[in-house]
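Got a minute to go through this model together? Let's take the labels one at a time and see what stands behind each.

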Amino acid sequence: MKKVNNIAVLTSGGDAPGMNAAIRAVVRTGLYHHLNVFGVMYGYKGMLTGEIFPMESKSVANIIQRGGTVLKTARCKEFYEADGRKKAYENLKKFGIDGLVVIGGDGSFKGAQKFSQEFDIPCIGLPGTIDKDIAGSDFTIGFDTAVNTAVEAIDKIRDTADAHDRLFIIEVMGRDAGYIALHSGIATGAEHILMPERKTDIDDVINDLMANERRQKMVNLIVVAEGDEFGGANEVARHVKERMPQLDTRVCILGHIQRGGSPTCIDRLIASRMGYAAVDALMEGTHNVMIGIVNNKIQYTPLDKAVKAKQKIDPEWFKIVKILAS
Ligand SMILES: Nc1ncnc2c1ncn2[C@@H]1O[C@H](COP(=O)(O)OP(=O)(O)O)[C@@H](O)[C@H]1O
Ligand SMILES: O=P(O)(O)OC[C@H]1O[C@](O)(COP(=O)(O)O)[C@@H](O)[C@@H]1O
Ligand SMILES: [Mg+2]
């Protein structure tokens, strides 16, 4: 059964709440199976600089509830180049590492895919990103916490919007994916949700705002994903102010607050389960897959498929938004 002896774990790309719970699960499961477990600091950057150290059970004590990542994270330019990846491989080999768990987002998986094609170190990916821009899993580690943070913030914005009869245009994170916008927008009763997966029709937005004004619905919330092709909250606000200068319009960009904080129960659960499954996968000799959870079951997706196929948003959601905000 045991195809590996020395495994390493790292976190890469944007941090996400629950990454610590995933690290803990990988370390403790690895030790349970008598593997040597190494931590790599700062993602691929630490592989290049050789910041690699042995981990024990107590290295991951008291972290399940903490946001951020105790292994730190980074975006690493050198890893895009073959020379950089070779240097990283040589460093891993110095420690005899024969299996790697990469906790990160789509970019990290692209890197892991290249690395595992070039060298004889199998990689297992765990989807750790607030954006949920990865196929092969119903949830990504950090998404639920980020959405709940956004919901809490938007609820507060609604209070002040209501007090002043204002339109608020709220920008949430999501570089290429609108899931945070969709989930937080529906959960807070937003009038419009704008996201990269769907072309923004600004006339439609303005027409709705005009209709709301006619029927004296004065509080309006528009949630925009930062990656919306129309240009984000400021751009939307510029158009609205031009066409409806009488509206009292404000912009609020939620920003990095969405990346921090104690992970929700869901994020801790999926991180723990995925971390455990990652070690299983390495031990049974499975190579270069992402561990996902689909319909509450662990599912393996080849790394290249996880990053290529974007999750699709069911158009019915937009109908729901429109009906419920009417
Ligand atoms: N196409 C690629 N080839 C090699 N390495 C990559 C590639 N894309 C991303 N990476 C590596 O993964 C790191 C994290 O990717 P990034 O897109 O910033 O974050 P995330 O993994 O959260 O999506 C990058 O800084 C880089 O080191
Ligand atoms: O913290 P940075 O480097 O400014 O990156 C911001 C980006 O990271 C994210 O928070 C998460 O994206 P990744 O998971 O791809 O790292 C995006 O929503 C956002 O666009
Ligand atoms: Mg990404």
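Q: Which residues count as nonpolar, polar or charged here?
A: Ala, Val, Leu, Ile, Met, Phe, Trp, Tyr, Cys and Pro count as nonpolar, Asp, Glu, Lys and Arg as charged, and the others, Gly among them, as polar. By that split, the shell around ligand 1 has four nonpolar, nine polar and four charged residues. Keep in mind that this is a predicted model, where local features need pLDDT of at least 70, side-chain atom pairs count only at pLDDT 80 or more, and totals for chains, interfaces and linings use all residues. Residues are numbered from 1 along each chain as its sequence is written, while chains are lettered from A and ligands numbered from 1 in the order in which they are written.

Q: What makes a residue part of the set around ligand 1, and which ones come nearest?
A: The C-beta atom, placed from the backbone, has to lie within 6 Å of the molecule. There are 17 such residues, and Gly 13, Gly 105, Gly 107, Ser 108 and Gly 111 come nearest.

Q: Which helix gives the largest share of that shell?
A: Helix H4 (residues 106-118) does, with six residues. Helices here are DSSP runs (H or I, at least four residues), numbered from the N terminus. Asp 106 lies in helix H4 too, and UniProt, in an unreviewed entry, places the feature "binding site" there; such annotations may be inferred rather than shown by experiment.

Q: Why is Asp 106 called buried?
A: The label takes 20 or more other C-beta atoms within 10 Å of the residue's own, all placed from the backbone. Asp 106 has 25, so it is buried.

Q: What does Asp 106 touch?
A: Leaving out residues up to four places away in sequence, it touches Asp 133, Ile 134 and Val 307. Contact means C-beta atoms, placed from the backbone, within 7 Å.

Q: What about Val 26: buried or exposed?
A: Val 26 has 31 other C-beta atoms within 10 Å, so it is buried. This residue is found in helix H1 (residues 19-32), and its contacts beyond four places in sequence include Val 9, Val 101 and Ala 278.

Q: Why is the largest nonpolar core said to lie between the domains?
A: Domain 1 (6-142 + 263-305) and domain 2 (145-260) both give residues to this core, so it lies between them. Those bounds come from an automatic or database domain assignment.

Definitions and conventions:
Helices (H or I, at least four residues) and strands (E, at least two) are DSSP runs, numbered from the N terminus. A residue is buried if 20 or more other C-beta atoms lie within 10 Å of its own, exposed if 12 or fewer, and partly exposed in between; C-beta atoms are placed from the backbone. Two residues are in contact if their C-beta atoms, placed from the backbone, lie within 7 Å.
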